[in-house]
Amino acid sequence: YKVYYEDTDSLGVVYYANYMKYLERGRTEFIEHYGRPVWEWNAEGYYFVVYKLTATFRKAAVLGDIVTVVTRFELPSAFRGLFHQRIERNGEVLIDAAVEIVCLDRTRNVVEYPNMFKRTLP
């Protein structure tokens, strides 16, 4: 993703909360690449919600940078998915994050992940 002016603070560095948007985009792209778009899961009554997030900020991205979100997924339980993510600039790690996601149904109750997620993903 390209870092735009709207992503930065007055110093020209990415405002910390905007990294969460980049991570979200990475998870969304990952789910679509290895299955189908999130909106299709939503239409079937599956909603993926952040339960817990930890992040280590190593270096700042700045206006004009091109950053890459690298995403891996594992399913430690039938009810909780774990995305290991990092944001890089030219291979240099800027942010390391672990994002735990639960799956909810239309009534906002926690449900098991769909079978697609139970298969081993890269």
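**Exercise 1. Describe the overall architecture of the protein chain.**

Solution. The protein chain contains three helices and five strands. This description refers to a predicted model. Next, the elements are placed in sequence order: the pattern reads α-α-β-β-β-β-β-α. The extent follows from the C-alpha atoms, which fill a box of roughly 45 × 25 × 25 Å along the principal axes. Finally, the contacts are considered: among those between residues at least 6 apart in sequence, 62% join residues at least 24 apart.

**Exercise 2. Characterise the surface and the charges of the protein chain.**

Solution. Begin with burial: 35% of the 122 residues count as buried. The accessible surface of the chain amounts to about 7,300 Å², and carbon and sulfur atoms account for 51% of that area. As for charge, there are 16 positive and 16 negative side chains, with the centres of the two sets 3 Å apart.

**Exercise 3. Determine where Phe-57 lies, how accessible Phe-57 is, and which patch includes this residue.**

Solution. Phe-57 belongs to strand E1, which covers residues 47-57. Its relative accessibility is 43%, so Phe-57 counts as partly exposed; the partly exposed class runs between the 20% limit for buried and the 50% limit for exposed residues. On the surface, Phe-57 joins Tyr-15 and Tyr-16 in a nonpolar patch. Together these residues have about 340 Å² of accessible area.

**Exercise 4. Establish the surroundings of Asp-7 and state whether this residue is buried or exposed.**

Solution. Asp-7 is located in the segment before helix H1 (18-33). The residue is buried, yet it has no salt bridge. The nearest side chain of opposite charge is that of Arg-25, at 5.3 Å, whereas a salt bridge requires a side-chain nitrogen within 4 Å of a carboxyl oxygen. Setting aside neighbours within four places in sequence, the contacts of Asp-7 are Lys-2, Val-13, Val-14, Tyr-15, Asn-18 and Tyr-22. One of these contacts, Tyr-15, is also a member of the nonpolar patch with Tyr-16 and Phe-57.

**Exercise 5. Locate Asp-96, classify its accessibility and list its contacts.**

Solution. Asp-96 is found in strand E4 (residues 92-104). With a relative accessible area of 25%, Asp-96 is partly exposed. Its C-alpha atom is separated by 6.1 Å from that of Gln-85, a residue 11 positions away along the chain. Gln-85 also appears among the contacts of Asp-96 beyond four places in sequence, together with Thr-54, Ala-55, Thr-56, Arg-58 and Arg-86. Among these contacts, Thr-54, Ala-55 and Thr-56 fall within the range of strand E1, residues 47-57.

Definitions and conventions: Residues are numbered from 1 along each chain as its sequence is written. This is a predicted model: local features need pLDDT of at least 70, side-chain atom pairs count only at pLDDT 80 or more; totals for chains, interfaces and linings use all residues. Side-chain values use heavy atoms; hydrogens and water are left out. Patches are made of residues with over 30% relative accessible area and no salt bridge: like charges are joined within 9 Å, nonpolar side chains (Val, Leu, Ile, Met, Phe, Trp, Tyr) within 5 Å. Accessible areas come from the Shrake-Rupley method with a 1.4 Å probe; for residues, only the protein chains shown count as cover. Helices (H or I, at least four residues) and strands (E, at least two) are DSSP runs, numbered from the N terminus. Buried means under 20% relative accessible area, exposed over 50%, partly exposed in between (1.4 Å probe, protein chains only). Contact means heavy atoms within 4.5 Å. Lys and Arg count as positive and Asp and Glu as negative; His and the chain ends are not counted. The place of a charge is taken as NZ of Lys, CZ of Arg, CG of Asp or CD of Glu.
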